[in-house]
Amino acid sequence: MDGFDFERLLSTRLRRRGLLVGGGALTGLAIATQFSSRVVAQPRFSGYPFTLGVASGDPLPDSVVLWTRLAPDPLNGGGMPSVNVPVQWQIATDENMSKVVLRGTAITTPELGHSIRVVVGGLQPDRWYWYQFKAGNEVSRIGRTRTAPAFGTPINQLNFAFASCQDWQNGYYTAYKHLAEENLNFVVHLGDYIYEYGPLAIGPRQHNSPEIVSLSDYRNRHALYKTDPNLQEAHAAFPWIVTWDDHEVENDYADLIPEDGQSPQAFVNRRANAYKAYYEHMPLRAAALPKGADMRLYRRLTFGDLAEFNVLDTRQYRSDQPCGDGFKPRCAEAFAADATMTGREQEQWLLQGLSKSQTRWNVIAQQVMMAEYDFVAGSPEIFNLDAWDGYVASRNRILGFIKDRKPNNPVVLTGDIHSSWVHDLKTDFQNPASPTVATEFVGTSITSDFPTAAIATVQAALPENPHTKFFDGQYRGYVRCNLTRNAWQTDFRVVSTILDPNASISTLASFVVENGRPGAMRV
Ligand SMILES: [Fe+2]
């Protein structure tokens, strides 16, 4: 969804179409690619090389991914010479890096934009670690990360936050300043980490280049976003678990179908560029290394016996949006049995994972709103066809499976729509008496816009959507979740404004899901 394109709803305007793989677990040795072999052991940089901060991600009980990228000139291709450069890393059990438990050297290459991905193994479960990089005579800041609890071990509590949609042009990332100060085990990002558009004079800061298409365009855009000090703080404070939505490539793309105006081959190339730059800038495991325009991003992470996260990719494999996309009444295509949001393989993977899971909470971390929502009071019913409302059979298969197989406490986490929502997920949304089988929390954006003019329209439709327990379109922020064995609490954390870097944070609303009882209650 673009800047939550509510003009589409309000005017019913129709749109469009018609490796460096990780170091060995203990040695940290990395493998350079075949394309360049010259290693400059003592590089001289044109400026400080760690301008993009540090990050970690995808925590397992014994390992985490550490990330940085050498970029002395981050907005202009990085500013690195076209040679391989070694980077030393170390990980410690104290914040001063005095108790180092592992260290190694990774080789950064021009092919991966001098990004660094170190998969550190041999760690202890469920504990904090601190890490740091050194290249030449320059050292990075110290980052903090945390391993997951051991598989199956009893866990009494888990804290995390989820975020999405951070259009640079719309405001400041003050939400991340506050998020970095929370007490969290990890952060989940549900997509729209970057936006692809050219500069727009809509907010306090602008993109520095036209709409991005080439690999260097996407690299420079990721670099621009990563120069933000608040985003850097949030990455340095916790491991992140990331997935993408559409704007990491292009608004509302579906599989290999672009939004508009591109030949099929041009879009394949564009998607390959976008995926590669995403991989280079995120603390992902090497299994995600893209192959051309394909990249395996969906994956599962487990936290003791308390929670399992199924992280979905609802862009790369979906069928085209039905009925010409947009906000409008559903045509027959929206109910087509062969329409898919996930692709068949990912759907089977998800259902199998849910049926086998042993954890107390089962999370589906994904992009677009799963609950039905009729956006306009009265008739006709108006749906967002880019969300699961355009893929009704696909949604019914998943919610029907949950009803039949009853995995423990399914909770769906969603981004995309730049506003806060709580829904009961039902087997038949048209029948309020049908069973609630899961709970959905939709987080607002970090900065991306939700048009003020649309708020009243959505609110007026609430009585026609009785499974929707909460909606707010006014505030930006993130969502904090506290899980225990008996309850899941969700706090919608919002900043007072995105136009002031010193904005304050507060809790807009809190909801609780009790163990064994799908659906959220306001507290
Ligand atoms: Fe977005």
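I will begin with charge. In this predicted model, the protein chain carries 49 positive and 55 negative charges, and their mean positions are 6 Å apart.

Now the overall build. The protein chain contains eight helices and 24 strands. Along its principal axes, the C-alpha trace spans about 70 × 50 × 45 Å. How does the radius of gyration fit a compact globule, and what value does the protein chain have? It has 22 Å, and a compact globule of 523 residues would be near 24 Å, so the two agree.

Next, the surface. The accessible surface comes to about 18100 Å². Carbon and sulfur atoms account for 51% of that surface. Of the 523 residues in the protein chain, 62% are buried.

Let me go through some pieces, starting with a strand. Please find β15, which runs over residues 361-365. How many of its five residues are buried? The count is five of five. The side chains go two ways: W361, V363 and A365 point to one side of β15, while N362 and I364 point to the other. Both groups are buried.

β15 also has strand partners. One is β13, residues 307-311, which pairs with β15 in the parallel sense over five bridges. Within that pairing, N310 has I364 of β15 as its bridge partner. Another is β17, residues 410-414, and here the pairing with β15 is again parallel, over four bridges. In this case A365 stands opposite L413 of β17.

Now a helix. Helix α4 covers residues 229-237, and seven of its nine residues are buried. Those buried residues are N230, L231, Q232, A234, H235, A236 and A237. What covers them? The cover includes strands and helices: β1, β6, β8 and β11 on the strand side, and α2 and α3 on the helix side. If you want to locate two of these on the screen, α3 is at 215-226 and β11 is at 239-242.

Last, a single residue in a loop. A71 lies between β2, which ends at 69, and β3, which begins at 85. Is A71 buried or exposed? Its relative accessibility is 0%, and therefore A71 counts as buried; the cut-off for buried is under 20%. Leaving aside neighbours within four places in sequence, A71 is in contact with Y48, P49, T51, L52 and G78. As for S56, that residue is 15 residues from A71 along the chain, and the C-alpha atoms of the two are separated by 18 Å.

That is the end of my part.

Terms used. Residues are numbered from 1 along each chain as its sequence is written. This is a predicted model: local features need pLDDT of at least 70, side-chain atom pairs count only at pLDDT 80 or more; totals for chains, interfaces and linings use all residues. Side-chain values use heavy atoms; hydrogens and water are left out. The radius of gyration is taken over C-alpha atoms; the globule rule is 2.2 Å times the number of residues to the power 0.38. Buried means under 20% relative accessible area, exposed over 50%, partly exposed in between (1.4 Å probe, protein chains only). Accessible areas come from the Shrake-Rupley method with a 1.4 Å probe; for residues, only the protein chains shown count as cover. Lys and Arg count as positive and Asp and Glu as negative; His and the chain ends are not counted. The place of a charge is taken as NZ of Lys, CZ of Arg, CG of Asp or CD of Glu. Two strands pair if DSSP finds at least two bridges between them. Contact means heavy atoms within 4.5 Å.
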